[in-house]
Amino acid sequence: MKDGRVQELAKKLVTFSCEVQPNENVLIETYGAACDELLIALIEEVYAAGAKPYVWRRDNRVQRALSMGFTEDQLDLMARLDAEMMRKMQAYILVRSSDNTFESVDIPAERKRIGGLHYSKPVHSDVRIRQTKWCYLEYPTPAQAQLSGMSTEAFEDFYFKVCTMDYARMEAALEPLKQLMERTDRVHIIGKGTDLTFSIKGIGVRKGAGHWNLPDGEIFTAPVRDSVNGVISYNIPSVQAGFSFENVVLHFENGRIVKAEANDVKRVNELLDKDAGARYIGEFAFGVSPYFREPMGKILYDEKIDGSFHFTPGDCYDEADNGNHSSLHWDLVCVQRPEYGGGEIWFDDVLIRKDGRFVLPELEPLNPENLK
């Protein structure tokens, strides 16, 4: 028997997130057999919308095996072929699932760097992100439930509730903050181990309310590239390149990360040395989901945590283009609710959020009790 929640999610992805129109080409890429029920539902919904589905069905262990032996010319050929197909698409949906969150932990960092440079950048950064309507989600698995400290059934119930919430309502509540960010110059963030200043003047602002990610709940821009000064201490673990980084602290001078600390200093600096843009910031965003309160071990969820912000080394988005480009885009999260040490965010010397709660009347609809 089909799970009605899966069909509802598929319909939301096709009709709301990607707004698929008749005769459009839609590429659906999945990782892991756990996605198969949703994959079939997506194919059905794409056909129902009068569009044409195409499928890349991948496996995490197979991808690891390929990564351990690929050559640069092999990746370049794969990228040329896949980028050409991507150019023919009007929409793209990526669904990932995993039986083992750390499946790629033993892939050498240099191989990951080469993979990002020779495949991910030309296919995804240069084509998919810039030329398609796209949405990305993680499908619920026992491995994710375990990371979250929940039973599989409870995690699935939570997941489908969050993915099918009223995102149109969230989108409307984000509009006053979007307008405020668009007219703001100076940002000052204060918190435990954090004293950071930068400008967002003239940089675009984009709302995240169910169109790019599911689940969703953020709004982002980027700092003026050379304007960042001070120090930031992140308080949420981050799995990147198969390793769980904790207690990441970054020091900035005129936009550049001049010192990086973490539970593995060598690894964190290897990531930031991938290319010149990796030591500059490509995104500044608020997390506003009323349902995410604690870290769940997946950045797609953790960057949406209520009362959080993320400050991202690496590539910027076209919608918030500060001129910084990199094969890295590493969303690192800091939560400022009182139980995480509190903190303040100021726009042009006006306090807009304190201890994770918006304090301006026009922004109060974004506080969690008003979004549920």
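Here are a few short exercises, with worked solutions, on the predicted model shown above.

**Exercise 1. Overall build**

Find how many helices and strands the protein has, and work out how its radius of gyration relates to the globule rule.

*Solution.* Start with the secondary structure: there are 11 helices and 19 strands. Next, take the radius of gyration, which is 20 Å. The globule rule gives 21 Å for 372 residues, so the protein is as compact as a globular protein of that length. To picture the extent, imagine a box of roughly 55 × 45 × 40 Å along the principal axes, filled by the C-alpha atoms.

**Exercise 2. Inside and outside**

Work out what share of the residues is buried, and what carbon and sulfur atoms supply of the exposed area.

*Solution.* First look inward: of the 372 residues, 54% are buried. Then turn to the outside, where the protein exposes about 15400 Å². Carbon and sulfur atoms supply 51% of that area. Finally, consider the charges: the protein has 44 positive and 58 negative side chains. The centres of these two sets lie 2 Å apart.

**Exercise 3. Contacts along the chain**

Take the contacts between residues at least 6 apart in sequence, and find the share that joins residues at least 24 apart.

*Solution.* Set aside the pairs that do not meet the separation of at least 6. Of the contacts that remain, 72% join residues at least 24 apart.

**Exercise 4. An aromatic pair**

Classify the ring pair of Phe 158 and Phe 292, place both residues in the chain, and decide whether each is buried or exposed.

*Solution.* The structure holds 19 aromatic pairs, so to speak a good supply to choose from. Among them is the pair of Phe 158 and Phe 292, with ring centres 5.4 Å apart and planes at 85°. Planes over 60 degrees apart count as edge-to-face, so this pair is edge-to-face. Now place the partners: Phe 158 is in helix 7 (residues 152–163), while Phe 292 is in the loop between strand 14 (281–287) and helix 10 (299–302). They are 134 residues apart, and the pair links distant parts of the chain. Last, check burial, which means under 20% relative accessible area. Phe 158 has 15% and counts as buried; Phe 292 has 2% and is buried too.

**Exercise 5. A second pair**

Do the same for Phe 220 and Tyr 317.

*Solution.* The ring centres are 5.1 Å apart and the planes stand at 50°, so the pair is tilted. Phe 220 belongs to strand 8 (residues 218–221), and Tyr 317 to the loop between strand 15 (308–313) and strand 16 (333–335). The two are 97 residues apart, and both are buried.

Definitions and conventions. Residues are numbered from 1 along each chain as its sequence is written. This is a predicted model: local features need pLDDT of at least 70, side-chain atom pairs count only at pLDDT 80 or more; totals for chains, interfaces and linings use all residues. Side-chain values use heavy atoms; hydrogens and water are left out. Helices (H or I, at least four residues) and strands (E, at least two) are DSSP runs, numbered from the N terminus. The radius of gyration is taken over C-alpha atoms; the globule rule is 2.2 Å times the number of residues to the power 0.38. Buried means under 20% relative accessible area, exposed over 50%, partly exposed in between (1.4 Å probe, protein chains only). Contact means heavy atoms within 4.5 Å. Accessible areas come from the Shrake-Rupley method with a 1.4 Å probe; for residues, only the protein chains shown count as cover. Lys and Arg count as positive and Asp and Glu as negative; His and the chain ends are not counted. The place of a charge is taken as NZ of Lys, CZ of Arg, CG of Asp or CD of Glu. Rings of Phe, Tyr and Trp (its six-membered ring) pair if their centres lie within 6.5 Å; planes under 30 degrees apart count as stacked, over 60 as edge-to-face and the rest as tilted.
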